[in-house]
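Trainee: I would like to go through this model slowly and learn what stands behind each term. Could we take the terms one after another?

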Amino acid sequence: MTVRTLSGWSQPPRARPWPRMSVQTIRNVFSVETGYRLSDDQIVNHFPNHYELTRKDLMVKNIKRYRKELEKEGSPLAEKDENGKYLYLDFVPVTYMLPADYNLFVEEFRKSPSSTWIMKPCGKAQGKGIFLINKLSQIKKWSRDSKTSSFVTQSTKEAYVISLYINNPLLIGGRKFDLRLYVLVSTYRPLRCYMYKLGFCRFCTVKYTPSTSELDNMFVHLTNVAIQKHGEDYNHIHGGKWTVNNLRLYLESTRGKEVTGKLFDEIHWIIVQSLKAVAPVMNNDKHCFECYGYDIIIDDKLKPWLIEVNASPSLTSSTANDRILKYNLINDTLNIAVPNGEIPDCKWNKSPPKEVLGNYEILSCAFLHRPGARMLMERGSYDEELAQGDGADRELRSRQGQSLGPRGGRSRDSGRTVLTTWK
């Protein structure tokens, strides 16, 4: 626990013990059995059922439901091509839950028996329990090894997701990489979210090959630092990381500014749509905010894919630059969650002034349609209250590069803003 003093934030001499806000602690805090009740000056860094977005199986389930609902409403966002693929909502690889969807998976597998699939346990992180398969016999072996009697019925074993593997990733220096991006959500209804511009790329230590002989080599396929740091070629100085700004400069020089700009617009689109997919089922408790770690893979056609979302992205540092980045991330996040470094108040409207955003920025102006949107865009967030002006049709036209017309602005006296350095 910290208190406000004239010099900033400090540890009080007799602080009441406050548990580390892990995902398990959050479950206990909001459990009806525990009897906890948060007061108006207490806020926590997870939403009660954040797992609707951060569990691999539930994320896919909610996105599929979101697509079907838009389709049922006749929304142009759910438009499909002649092959039945979504034109604007095709941003997660084909995914099934095991053991529940085993028969559906087999049907899909047999359509393209030479494809590679990746299996992941639903509730684990840091690359634990992940492996690649390209034969049905490999799944049957996994089933036997994990003592599952049948795929036809539900079992008590740990649930897995199996996704079509992106076997044509964009390579730099011959190596596969993914993006770790940080997204802060202060409220889901209305949706207000902020993008951190100091994300980074995580590179594999071994050059990529789609060869089936290397399916078991996780140094080729998995970008997790927890795995790559054990590789012989791991560099402890830069940690196998590249800033997103460096990636953008590289792509602008090799692919062009217009194509690169479109790629990052697509990434912003993915993030907003994934949040909108879970917003209806999220317990939007007024005491909560959350900083998510988004993992994105880009294929060789510069199409971004959402791989997963982390509820507790690692804040440990593997390099000096990493330490600076994560220190600033924590500082900027707290300045939005608790503006001016004052005592928290869960009743405020959660629209901080531009001055406190630090390295957080707007996701995309494509979602801001109503008068006043320019002000919000400059402040650096996606605000659903202002974005609900003309509905999905206007949102779709912005995706297709059509003009949204002039935007108005409105003034807001945010009062005196004091930036706080959190230590």
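Trainee: How do you know that strand 4 and strand 5 pair?

Mentor: This is a predicted model, and in it 3 bridges join strand 4, residues 117–121, to strand 5, with the two running antiparallel. Pairing requires at least two bridges between the strands, so the 3 bridges found here are enough to call strand 4 and strand 5 a pair. Within this pair W117 stands opposite I133, and I118 stands opposite L132.

Trainee: What makes strand 6 a partner of strand 4?

Mentor: Strand 4 and strand 6 are joined in the antiparallel sense over 5 bridges, and since the requirement is at least two, they count as paired. I118 appears here again, because on this side it stands opposite S163 in strand 6.

Trainee: What joins strand 3 to strand 6, and in which sense do they run?

Mentor: Strand 3 and strand 6 share 4 bridges and pair in the antiparallel sense; one of the facing pairs is L98 with Y160 of strand 6.

Trainee: In what order do the strands stand in the sheet, and which are the edge strands?

Mentor: The open sheet has 4 strands in the order 3-6-4-5, with antiparallel pairing. Its edge strands are strand 3 (95–98) and strand 5 (131–133), since each of them pairs on one side only. From one strand to the next, the twist averages 30 degrees.

Trainee: Which helices lie on these strands?

Mentor: Helix 3, residues 56–72, lies across strand 3, strand 4 and strand 6 (160–164), and it runs at about 130 degrees to strand 3. Helix 4, residues 102–111, also packs on the sheet, where it touches strand 3, strand 4, strand 5 and strand 6, and its direction makes about 140 degrees with that of strand 3.

Trainee: How do you know that both faces of strand 4 are covered?

Mentor: One looks at the residues of each face in turn: W117, M119 and P121 on one side are buried, and I118 and K120 on the other are buried as well. In strand 3 the two faces are likewise covered, with T95 and M97 buried on one side and Y96 and L98 on the other.

Trainee: Why is V356 called buried?

Mentor: Its relative accessibility is 1%, and buried means under 20%, so V356 falls within the term. V356 is placed in the loop between helix 10 (320–337) and strand 14 (360–361). Although V356 and L334 are 22 residues apart in sequence, their C-alpha atoms are 9.6 Å apart in space.

Trainee: What makes C201 and C288 buried or exposed?

Mentor: C201 has a relative accessible area of 0% and C288 has a relative accessibility of 2%; because the cut-off for buried is under 20%, both count as buried. As for disulfides, a search of the whole structure finds 0, which means that no pair of cysteine sulfur atoms lies within 2.5 Å.

Trainee: Which residues have the most contacts inside the largest nonpolar core?

Mentor: That core has 56 residues, and those with the most contacts inside it are L53, Y188, L275, Y292, Y294 and L306. Helix 9, residues 257–278, gives the largest share of this core, 9 residues. Leaving aside neighbours within four places in sequence, Y294 has contacts that include L53, L275 and L306, and also R180 and E308. In soluble globular proteins, nonpolar side chains tend to be buried together.

Notes:
Residues numbered from 1 in each chain as written. Predicted model: local features only at pLDDT ≥ 70, side-chain atom pairs only at ≥ 80, totals over all residues. Heavy atoms only, no water. Axes fitted to C-alpha atoms, helices over the stretch in contact; angles between N-to-C directions. Contact = heavy atoms within 4.5 Å. Buried < 20%, exposed > 50% of the residue type's maximum accessible area, 1.4 Å probe, protein only. Core = buried A, V, L, I, M, F, W, Y, C linked by side-chain atoms within 4.5 Å.
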